[in-house]
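Let's take a walk through this structure together, moving from empty space to sheets and helices. Please keep the model open beside you as you read.

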Amino acid sequence: MSRDAVVEALCAPDLAPVVDLVLWVEDGVAHAANALGAVRLHEDGRHEVLRGTDPVASEDPMAFLPYEHELRCPSPAVSTDNAYPYAAQRILSLFADAERSPDVAVVHTPRHHFPDEGGHVGEHGSLDVVQSRAPLLLSGAGVRRRGYVDEHARLVDVGPTLALLAGVPEADLRDGAGRQLDGRPLLEHLDTGAAGASEGPAEAEGPGRRRRVVGILWDGAHCGELLAMAEAGRLPGVARLVERGLALRGGAVAEFPSVTLTNHTSILTGVGPGRHGVLGNVYYDRATGQQVVPNDAETWYRSAEWLRPGVRTVFEMVNDHVPQGDSPRTASVDEAIDRGADYGTMALLRAVGGFEAATKASEGALPEPAESAYLRDPSHLTDDYFRWAVQVDDLGLQQVLELWSDADSAPTLTWWANTVTDAGHHGGGPRSDMARHALEQSDARLVTFLDHLEGLGVLDEVTFLLTADHGFEGSDPSVTGSWRPALDALGIPYRDEGPGFVYLL
């Protein structure tokens, strides 16, 4: 069988430095293998070892905590020193789309450095715990003040939690076909009577004013480093949120692969990739015979086109329960998955004919990155992605402040995505000066927004959720190579998208 030959080739010992795991689904059961051994991963948690050593021996979502443990053991060299939370569930979700799922998924080792195939100094995408660990903070109205908590959640829990806080009854947290979501609202962290309870949306302290909810995404923000910097006083905005709520030290586990568009979509729909259809930043669609690349500046504004039927965004859920008025009920700032939002940055791009047309129309209108009030180290502007991200995030803050020019006209749900944190971690790797600068830069924008709300007198009336779409690990420039020669030698027609998604043709 072609798949068996592919798995065997990818599990060769000489590929062990670059191949962490090979994953597939057979007879409805998740499988994982590498040079050490192979295992069936059952949804009830059982590991059925097929040969050798279990390559996914640990599924501990709290592995490498406290953070000092991760600092001592960065980017583990072998899978038996690593952890892969919710392995079966996440693998099964990836392989649940008959037209878009690969036949085999290959997971890079944390140390694999592959710039010739799109890799960076800082990497993510793995099934492993650190690349899958996004920060998760809840703060403000309706949130329990618990400080730093030794617990974790999942990114699919974010959307249901935002929707509940914004006024969607728990019974209505379902997809368009009436099916239960993969995620759940994090009720254990909310005060009794929080919005969305059976009695209806909670009222804020101000007379006649609904509670407002602000979701903030710092793309690629490293959970452990973010919390450590907040505790050390280097991220005062994050520290203010924690003081008024809580931060989960185990963060929120991303869906697999732990890449941008897959998890932006999982966050904002409450379901995994096998249901929402955005399998990765790049994948192949058998139905159309085309490569799909949703994670690109020229295609971001189209990302919602690839959502599967029956999927509902959190914006659609909230709009179903908030009366239409003159002001936007929901707003999506710099977010690709904006379907249903009354205000959306990507909707503005679509209205003018797409990214290229918008770029020409806005020539000279984008903020000058070297003049940004939030730039701490101009030397990082030599990185093109970082430079662009400073512009995008400055423009995003402008949009948020305009949406919140006064409290009465502000959206019930505001979603605000930030990019520079991803650029800093890719360019320098976790814990680098560039990554820390990116976190401090995003925190400074957050402080500006918090101060603005305080000036409006509504800070205590707003609920905040801050998260990311994945974590990061550092690659090793000495660990190079590719598995493609091993696949080519088989003489089997295939596509390798990503790389890492192997489709047998």
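Searching the whole of this predicted model turns up 3 cavities of 30 Å³ or more. Rolling a probe the size of a water molecule over the atoms is what shows where such empty space is left. The largest cavity holds about 40 Å³ of space. If you would like to find it, look for its lining: Leu65, Glu70, Val130, Arg133, His222, Cys223, Gly224 and Gly471. Sorted by class, these lining residues come out as 3 nonpolar, 3 polar and 2 charged.

Two of those lining residues, Leu65 and Arg133, make good starting points for the next stops. Take Leu65 first. A cis peptide bond, with omega of about 0 degrees, connects Leu65 to Pro66. Pro66 sits in the loop that runs between β4 (47-52) and α2 (67-72). Phe64 belongs to the loop between β4 and α2 as well, and its phi is positive, about 65 degrees, although Phe64 is not a glycine. As a reminder, most residues other than glycine have a negative phi, and most peptide bonds are trans. A cis bond also leads from Phe256 to Pro257, where omega is near 0 degrees. Pro257 is placed in the loop between β13 and α8 (260-269).

Now to Arg133, which lines the largest cavity and stands opposite Val253 in β13. Here you are in an open sheet of 3 strands, ordered β7-β13-β10, with mixed pairing. Its edge strands, β7 (133-134) and β10 (153-154), each pair on one side only. Between β7 and β13 (residues 252-253) there are 2 bridges, and the two strands pair in the antiparallel sense.

There is also an open sheet of 8 strands, and its order reads β9-β12-β8-β19-β11-β18-β16-β17, again with mixed pairing. At its edges stand β9 (147-149) and β17 (343-344); each has a single partner strand, so one side of each is left without a neighbour in the sheet. Follow β17 to its partner and you reach β16 (residues 330-333), joined to β17 by 2 bridges and running parallel to it. Within this pairing, Ser332 stands opposite Gly344 in β17.

What lies across β8 (136-140), β11 (212-218), β18 (413-418) and β19 (462-467)? The answer is helix α5 (residues 158-165), which runs at about 175 degrees to β19. One residue of the helix to keep in mind is Pro160, because the second largest pocket has Pro160 in its lining, as the next stop shows.

The second largest pocket has a volume of about 160 Å³. Along with Pro160, its lining includes Glu170, Ala171, Leu173 and Arg174, and then Gln180, Leu181, Asp182, Gly183, Arg184 and Pro185. By class, that lining is made up of 5 nonpolar, 2 polar and 4 charged residues.

Our last stop is a pair of helices, α7 (residues 236-243) and α15 (residues 433-456). They pack at an angle of about 55 degrees, and their axes lie 7 Å apart. The two helices are therefore oblique to each other. From α7, the residues Pro236, Gly237, Val238, Arg240 and Leu241 meet Asp443, Leu446, Val447, Leu450, Asp451 and Glu454 of α15. Counted by class, this contact brings together 6 nonpolar, 1 polar and 4 charged residues.

Conventions: Residues are numbered from 1 along each chain as its sequence is written. This is a predicted model: local features need pLDDT of at least 70, side-chain atom pairs count only at pLDDT 80 or more; totals for chains, interfaces and linings use all residues. Side-chain values use heavy atoms; hydrogens and water are left out. Axes are lines fitted to C-alpha atoms, for helices over the stretch in contact, and angles run from 0 to 180 degrees between N-to-C directions. Helices (H or I, at least four residues) and strands (E, at least two) are DSSP runs, numbered from the N terminus. Angles under 35 degrees count as roughly parallel, over 145 as roughly antiparallel, 65 to 115 as roughly perpendicular and the rest as oblique. Contact means heavy atoms within 4.5 Å. Ala, Val, Leu, Ile, Met, Phe, Trp, Tyr, Cys and Pro count as nonpolar, Asp, Glu, Lys and Arg as charged, and the others, Gly among them, as polar. On a 1 Å grid over the protein atoms alone, a cavity is a set of points where a 1.4 Å probe fits but cannot get out, and a pocket is an open set with protein on both sides within 12 Å along at least five of seven lines; lining residues have an atom within 4 Å of a point. Grid points are joined across faces, edges and corners, and a volume is the space filled by probe spheres set on the points. Two strands pair if DSSP finds at least two bridges between them.
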